[in-house]
Amino acid sequence: MLQIIICEDNPKLLNLFALFIKQYLHAHQSADIKLVLATSNPNEIINHLAQHKNKHILYFLDIEFSNSITQGLDLAKTIRKQALNADIVFITSHNELAPITFERDLGQLDYIEKGRGLKQIKQLIFENIDKLTAQSGPQRTVDQFHYKIGSAIHSINKKNIVYFEAFSNSHKIIIHTLTARVEFRNTLNNIESQLPFFYRIHKSLLVNRNYVKSINSADYQIILTNGISLPVARRKIANLKQTFKAL
Amino acid sequence: MVTVPQYIGQITDLFSLISFLVIILIIEPKLRGQYNIAIGLISIVGISFIDTIYNMASIPLLAILYFFLLQKNQLTTFKWIIDFIIALLFTFITAQLASNLTIKILRLQLGKIDRQLLHIVILDLVFTIVLTTVLLIVRYFIMKLLDKIDIEQSFAAAIFGYNAVALIIFLTLADAVTRSIGQVSDLMPLFLGIFGILVFITLFVTILLYSQKIKALQLSHKKERTKDNTLYIKELEKKYQEARKAKHDYKNTLLTLQVIAKNSKNDTLYTNVSNLLQSDTNSDDNDSKNLALQKIDDALINGVISQKLTEAQDANIKTTLEITKEIPELGKINIIITRILGILMDNAIEAASDSKEKLISVAVINEAPAIEFIIRNTVAQNTDINIDQIFEEGYSSKGSSRGLGLSTVQDLISHYNNMLISVKYTDTFTAILTLEDII
């Protein structure tokens with residue numbers, strides 16, 4: 001079940017946002033979603049969080065409160081720390097305040113500017129709930145591959161990883177996905193042990209089997225679904241062919 | 001040289017020449033080498049021989065040996081000359097003191113030395129060795145001391161050099177005076193020598209104290225300036241936050257007004273408020289950007305970011321800059337980072353200017369032990385970017401100029417284990433440069 005929580009210090013707006021969500025629920029009666037809390041008091045959210053640590057909760061948070069301009073942010077950080085399975089959407093007038101930083105720290109889904117007017121706000125709230133219901137609930141955390149850059153821990157869905165590549169002269173690894181290329185420090189052996197579904201085709205390459213299109217044993221090459229071809233170690237080619245025939 | 005019969009003078013001169021060679025090789029490791037040692041030994045034999053014919057020829061010959069025959073290797077000219085002067089000074093002091101002490105101890109009288117020749121030679125040799133060692137040890141400790149108080153190397157060398165020159169002139173004069181006065185002179189060179197060394201030490205200490213004082217003054221001045229700056233920025237930030245808070249309140253009020261208008265079905269009011277909300281000006285954008293830039297202490301990185309953001313604005317691109325925490329000076333690595341940021345920003349500007357939204361967002365995030373530089377830009381719709389090949393040489397989404405830049409980035413980064421780059425392309429393009437292990 002997906003729980004929804006709203007926190008907004010202006011009571012009129014709070015009622016309005018709650019109304020929007022009720023409209024959404026009305027239109028999607030089969031969806032397993034519940035608006036569990038709509039409040040102007042951040043402490044209530046903390047209390048709720050303490051009792052529902054493992055639930056999947058979507059938060060709509062205002063950033064500024066009357067007594068502090070960053071209280072919403074602090075709240076979001078607390079949520080992030082205590083529950084990995086939380087999604088946060090900010091509703092704020094802070095259009096110029098550090099969106100990249102927020103996204104990096106809090107991994108929020110979206111950032112709704114109040115300045116866009118009621119219609120837009122409603123639409124964006126709907127879109128965000130849609131996005132979450134499209135993802136399958138309990139599987140979410142299991143499918144993630146976690147890696148560390150600097151002090152931050154990032155996660156990526158294993159399904160999206162095409163292959164890992166190791167640098168020859170340092171302990172750097174590149175994750176190749178269809179839309180990103182990410183470097184971090186680790187060793188391929190380490191990663192290989194975490195990901196049994198990936199195949200080590202070469203000393204420096206670890207490939208997701210789902211993306212293998214064909215194997216060219218004459219040239220010792222593997223061709224991926226995105227058109228990239230990668231070299232295969234000679235002694236692995238026979239084994240590799242067998243594995244893929246079996247699939 | 002002290003006035004003793006000539007052949008004894010020659011023997012002491014030979015000791016001096018050898019001690020010069022030893023000293024120069026010890027104080028300057030760069031001069032060590034088979035060639036220099038061989039040439040040095042051969043020349044010493046040659047110079048001693050010439051010295052027997054023309055007395056006092058050894059000093060100019062020594063200069064010729066040093067400056068023309070020995071290999072200079074990678075020494076700077078300045079250091080090369082200073083080394084010579086110091087070695088010469090040491091040799092000079094040793095020779096003077098050794099012969100004086102020998103004469104004193106054996107109570108030699110000029111003209112009656114033949115019987116004690118062996119004694120003289122041995123004693124002179126011993127004194128030469130002992131005194132050279134003492135001088136070298138003293139020099140070693142002075143160098144150690146210099147290292148510890150972190151005085152600039154070339155400055156220290158200069159002080160040493162100038163003082164050594166002064167001392168050599170002083171001692172030469174002393175020697176000349178002694179010779180011209182004649183037999184009264186037994187103790188004179190010794191006293192003058194000690195006096196000279198005392199002058200050297202006094203001068204040296206004075207200069208050291210001054211240099212320390214200057215350094216302390218500079219430091220306190222810098223501290224004060226930083227403090228003033230920080231206070232000023234804090235004040236500005238406070239004002240800026242206040243302004244933003246006011247803006248926030250007014251936006252909330254407008255939005256509430258819109259709710260009321262909607263509830264009371266007042267369409268004119270609803271549209272008007274809607275327009276008001278949208279007419280939100282970005283007049284405070286520049287202030288916030290300048291404020292953010294102040295937080296980058298590293299001049300090079302500050303420079304490249306501010307310049308490229310201005311470039312982007314000139315190309316009608318909207319820019320935002322987020323910096324959460326002060327970015328300290330990063331040392332020498334800032335040159336590499338500046339180059340990488342320059343290339344990434346150029347790419348971002350090129351891509352954003354082709355896009356409809358024309359927006360570049362930059363964030364610098366300092367979160368120990370890493371600093372992240374994030375550059376995000378909008379991209380023209382339907383641009384096909386193959387993210388997998390983007391760093392390969394010659395790759396470009398259009399034209400050939402772009403791919404070269406990113407392959408340079410890859411090349412630069414591959415030399416540093418603690419530098420990482422990531423790129424993402426969904427509907428916008430994001431490049432993240434991470435610098436890990438910042439101390």
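How many residue pairs, both at pLDDT 80 or more, are in polar contact across the interface of chain B and chain A? The rule finds 12 such pairs, a polar contact being a pair of N or O atoms within 3.5 Å, of which, within protein, one must be able to donate a hydrogen and the other to accept it, while residues adjacent in sequence count only if both atoms are side-chain atoms. The model is predicted: local features need pLDDT of at least 70 and side-chain atom pairs count only at pLDDT 80 or more, whereas totals for chains, interfaces and linings use all residues. Residues are numbered from 1 along each chain as written, chains are lettered from A in the order in which they are written, and side-chain values use heavy atoms, without hydrogens and water.

**Extent of the interface**
- In chain B, 56 residues are in contact with 49 residues of chain A (heavy atoms within 4.5 Å).
- About 4,300 Å² is buried between the two chains, and carbon and sulfur atoms give 50% of this area (accessible area, 1.4 Å probe, lost on putting the two parts together and summed over both).
- B:Arg244, B:Glu322 and B:Asp388 supply 14% of the area that chain B buries against chain A, more than any other three residues.

**Salt bridges**
- The rule finds 2 salt bridges across the interface (a side-chain nitrogen of Lys or Arg within 4 Å of a carboxyl oxygen of Asp or Glu).
- B:Glu436 forms a salt bridge with A:Arg185, with the closest N and O atoms 2.6 Å apart.
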